[in-house]
Amino acid sequence: MNQTTNSILMIRPVAFRMNEQTAVNNYYQKVLENTTPSTVNAKAQNEFDAFVEKLRKVGVNVIVVEDTLDPDTPDSIFPNNWISFHENGDVTLYPMFAENRRAERREDILDVLEEKGFTINEIMDYTSAEEDGFFLEGTGSIVLDRDNGKAYCALSPRADEELFIEFCEDFDLAPVIFEAYQTVNGERKHMYHTNVMMCIAETFAVICADCIDDKQERKMVLDNLKADGKDIILVTEDQVNNFAGNMLQVKGKDDKRYLVMSNSAYQSLTKAQIHKIEQHCEILHANLDTIEACGGGSARCMMAEVFLPLQ
């Protein structure tokens, strides 16, 4: 299985703003004082367009789908939470914690991909779990090591253990389950998504081990990465607050690899960390300040990797 892809789906926002329904357990979201919603959206669109341009410039195949004003989906810019695409032609739909995020699921997006020549064989739909109050938010909750047949998941209100195990059984993946925390006003609270504190690339992994409070769990996660020959690059919780865990490795032109992140993530890294990453691949970073502040998500959340086979 390939760990990286050249094709990425991205959703261009039309009414981006801070989503009050997700702010209850996403502690990264902020209200931008004295900024109108239309200004926030315009800034987000500018950041989005510049980001897409940067990716395309290095040869990443970015498939952009415009969001619609109706229904109201302030977080549509983060499609990786509701859908994932797999090499066997499967498309997975995930149950979402916030009610207004459920409306992000759009069948016409699948039509767009088929028009682009991708093959869709089967839709794996876990969304009925929403009715029972169980959630698993895509590759936000699950960090996949496709190459080694493993899936990492930090349990949280948005990542149910049983649902995760079911997903792993369906996709024949070995589950690596743990709990990750962040300090919020002096209290340890569950990290809302796994992909905020770890990223798995082909030959290395970026992870905040300090977020895993249980020593045995921490050792277990690191042992799994080491066993698969990953060069482990540790980041601090402070760097995670700057989205330094929210990264994704992609393929550009001539199969060249890039680790994609935001400017704030890049600027939080030390010279030694940058050097370590650059021994594996080039870094590509973009300004996502508005999207990060209001959305509480960063570069990785904006990219849904398309691994579907071409017709």
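Q: Which residue stands opposite Val-260 in β16?
A: Val-260 has Leu-284 of β16 opposite it. The model is predicted: local features need pLDDT of at least 70, side-chain atom pairs count only at pLDDT 80 or more, and totals for chains, interfaces and linings use all residues. Residues are numbered from 1 along each chain as its sequence is written, and side-chain values use heavy atoms, with hydrogens and water left out.

Q: What makes β15 and β16 paired strands?
A: Strands here are DSSP runs of E with at least two residues, helices are runs of H or I with at least four, and both are numbered from the N terminus. Two strands pair if DSSP finds at least two bridges between them. β15 and β16 (residues 282-286) have five bridges, in the parallel sense, so the criterion of at least two is met.

Q: How do you know that β14 and β15 pair, and in which sense do they run?
A: Four bridges join β14 (residues 248-251) to β15, and the two strands run antiparallel. Gln-249 has Leu-259 in β15 as its bridge partner. β14 and β15 form a hairpin with five residues between them, and Asp-254 in the turn has a positive phi of about 55°.

Q: Why is β15 described as largely enclosed by the rest of the structure?
A: A residue is buried under 20% relative accessible area, exposed over 50% and partly exposed in between, computed with a 1.4 Å probe on protein chains only. In β15 (residues 257-262), five of the six residues are buried, which is why the strand is described as largely enclosed.

Q: What makes the contact between Arg-12 and Asp-49 a salt bridge?
A: A salt bridge requires a side-chain nitrogen of Lys or Arg within 4 Å of a carboxyl oxygen of Asp or Glu. For Arg-12 and Asp-49 the N to O distance is 2.8 Å, so the pair satisfies that limit. Arg-12 belongs to strand β1 (residues 7-12) and Asp-49 to helix α1 (residues 37-57), so the bridge ties together parts 37 residues apart in sequence.

Q: Why does Arg-12 count as buried or exposed?
A: Arg-12 has a relative accessible area of 17%, and therefore counts as buried. Asp-49, at 30%, is partly exposed.

Q: How do you know that Arg-105 forms a salt bridge with Glu-130?
A: The closest N and O atoms of Arg-105 and Glu-130 are 2.7 Å apart, which means that they lie within the limit for a salt bridge. Arg-105 is partly exposed at 23%, whereas Glu-130 is buried at 12%.

Q: What makes Asp-228 and Lys-150 a salt bridge?
A: Their side chains meet at 2.8 Å, N to O. Asp-228 lies in the loop between α6 (215-227) and β13, and Lys-150 in strand β7 (residues 150-154), so the pair ties together parts 78 residues apart in sequence. A search of the whole structure finds 18 salt bridges.

Q: Why is Lys-150 called buried?
A: The relative accessibility of Lys-150 is 12%, so it counts as buried. The side chain of Lys-150 also makes a polar contact with the side chain of Asn-224 at 2.8 Å. A polar contact is a pair of N or O atoms within 3.5 Å; within protein, one must be able to donate a hydrogen and the other to accept it, and residues adjacent in sequence count only if both atoms are side-chain atoms. Contact in general means heavy atoms within 4.5 Å, and among the residues that Lys-150 touches are Val-143, Leu-173 and Val-176.

Q: Which residues of α5 are buried?
A: In α5 (residues 161-170), Leu-163, Phe-164, Phe-167 and Cys-168 are buried. Seen down the axis, the buried residues fall within an arc of 140°, so they line one face of the helix; the arc is that of the directions from the helix axis to the C-beta atoms. An α-helix has 3.6 residues a turn, so residues three or four places apart point the same way. Glu-162 and Glu-169, on the other side of α5, are exposed. The buried residues pack against β4 (90-93), β6 (142-145), β7 and β8 (174-178).

Q: What makes Asp-160 a cap of α5?
A: A side-chain oxygen of Asp-160 lies 3.3 Å from the backbone nitrogen of Glu-162, at the N-terminal end of α5. Just after α5, Asp-172 takes a positive phi of about 55°.
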